[in-house]
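Q: I am new to this protein. Please pick one part, look at it closely, and then show how the rest is held around it.

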Amino acid sequence: MRKTLTIALSKGRILGETLPLLEKANIVPAEDISKSRKLIFDTNHEHIKLVILRATDVPTYVEHGVADFGVAGKDVLMEAATKNLYELLDLKISKCRLMTAGVVDQPLPNRRLKVASKFSKTAKAYFAEQGIQADVIKLYGAMELAPIMGLADLIVDIVDTGNTLKANGLEARDLIAPISTRLVVNKAAYKTKYSEIEPILEMIRNAVEDNEGK
Ligand code: AMP
């Protein structure tokens with residue numbers, strides 16, 4: 001009997017690029033995910049299931065082994081800093097950049113910086129690495145407001161086109177890390193389910209190469 005494999009997918013922006021990639025790898029949900037309120041889906045493979053999670057919960061489900069695979073942005077993986085998983089593959093989708101940003105043309109003050117971010121651990125590590133004194137304030141959304149309202153001198157946020165920053169009078173400053181979506185696997189599952197995992201990994205790897213060759 002083949003062991004069941006569960007793949008945890010991040011909902012939202014990433015999902016729209018993940019599903020076509022999985023389809024190329026011949027992993028297709030049994031019903032239309034966008035038209036359903038369900039969170040667990042069967043696929044065209046009897047032993048493969050998909051679960052749809054909030055992006056930041058994906059590393060947690062994989063770490064605890066309740067999902068074998070996870071699809072999550074590098075930003076989320078960096079912030080989660082989860083030890084119990086292997087990053088197997090760069091899916092090369094949902095590419096963007098994790099950057100610092102501040103008010104257009106506004107120089108930084110000559111004191112300890114105030115930085116606001118949803119990515120508070122990553123931001124702390126970045127400023128420490130740069131040798132810059134900074135207090136990081138954790139936010140859960142609308143980070144662009146923080147510099148405008150005077151809560152912070154800088155934010156650390158995801159930048160794609162830069163339009164969101166621009167619309168709020170902000171500009172991107174320094175690149176912290178290029179971001180793309182990654183396939184991760186639970187370390188224990190990688191050993192105990194190797195014979196089920198390896199063929200799926202190969203199918204997804206081929207789909208990524210196919211996408212790149214386009
Ligand atoms: P943009 O205005 O194109 O620079 O997009 C920036 C906004 O979109 C940010 O507030 C991000 O939260 C979000 N965003 C853009 N690309 C991604 C991505 N690949 N993954 C997650 N969020 C993203």
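A: What follows starts with one strand and its partners, then moves to the domains and the salt bridges. This is a predicted model, in which local features need pLDDT of at least 70 and side-chain atom pairs count only at pLDDT 80 or more, while totals for chains, interfaces and linings use all residues. Residues are numbered from 1 along each chain as its sequence is written, and side-chain values use heavy atoms, with hydrogens and water left out.

Start with strand β7, residues 113–117. Helices (H or I, at least four residues) and strands (E, at least two) are DSSP runs, numbered from the N terminus. Four of the five residues in β7 are buried, so the strand is mostly covered. Buried means under 20% relative accessible area, exposed means over 50%, and partly exposed lies in between (1.4 Å probe, protein chains only).

Which strands pair with β7? One is β8, residues 134–138. Five bridges join β7 and β8, and the pairing is parallel. Two strands count as paired if DSSP finds at least two bridges between them. Within this pair, Ser 117 faces Lys 138 of β8. Between β7 and β8 the chain passes through helix α4, residues 120–130. This β-α-β crossover is right-handed. That means the path from the first strand over the helix to the second runs clockwise, with the strands pointing away from the viewer.

β7 also pairs with β9, residues 154–159. These two strands run parallel, over three bridges. Val 115 has Leu 154 of β9 as its bridge partner.

A salt bridge sits in the loops beside these strands. Arg 111 and Asp 153 form it through their side chains, at 3.0 Å from N to O. Arg 111 lies in the loop between β6 and β7, and Asp 153 in the loop between α5 (145–149) and β9, so the pair ties together parts 42 residues apart in sequence. A salt bridge here is a side-chain nitrogen of Lys or Arg within 4 Å of a carboxyl oxygen of Asp or Glu. Asp 153 is buried, at 10% relative accessibility. Arg 111 is partly exposed, at 44%.

Next comes β6, residues 96–103, which holds Thr 100. Is Thr 100 buried or exposed? It is buried, at 2% relative accessibility. Leaving aside neighbours within four places in sequence, its contacts include Tyr 126, Phe 127, Ile 155 and Val 156. Contact means heavy atoms within 4.5 Å. Glu 171, Ala 172, Arg 173, Asp 174 and Ile 176 are also among the contacts of Thr 100.

Now step back to the domains. Domain 1 covers 5–94 + 180–212, and domain 2 covers 96–178. These bounds come from an automatic or database domain assignment. Taken over C-alpha atoms, the two centres are 29 Å apart. Seven residues of domain 1 touch twelve residues of domain 2, by the contact rule. Together the domains bury about 700 Å², with 48% of it on carbon and sulfur atoms. Buried area is the accessible area (1.4 Å probe) that two parts lose on being put together, summed over both. In domain 1, Asp 75, Met 78 and Glu 79 lose the most area to domain 2, together 72% of what that side buries. One salt bridge is counted between the two domains.

How many salt bridges are there by this rule? The count is 13. One of them joins Asp 68 and Lys 193, whose closest N and O atoms are 3.0 Å apart. Asp 68 lies in the loop between α2 (58–63) and β4 (69–73), and Lys 193 in the loop between α7 (187–192) and α8 (194–213), so the pair ties together parts 125 residues apart in sequence. Both ends are buried: Asp 68 at 3% relative accessible area, and Lys 193 at 16%.

Another salt bridge links Glu 202 and Arg 205, at 2.8 Å from N to O. Both residues lie in helix α8, three residues apart, about one turn of the helix. Glu 202 is partly exposed, at 34%, and so is Arg 205, at 28%. Elsewhere, Lys 74, Glu 87, Asp 90 and Arg 182 are linked in a network of salt bridges.
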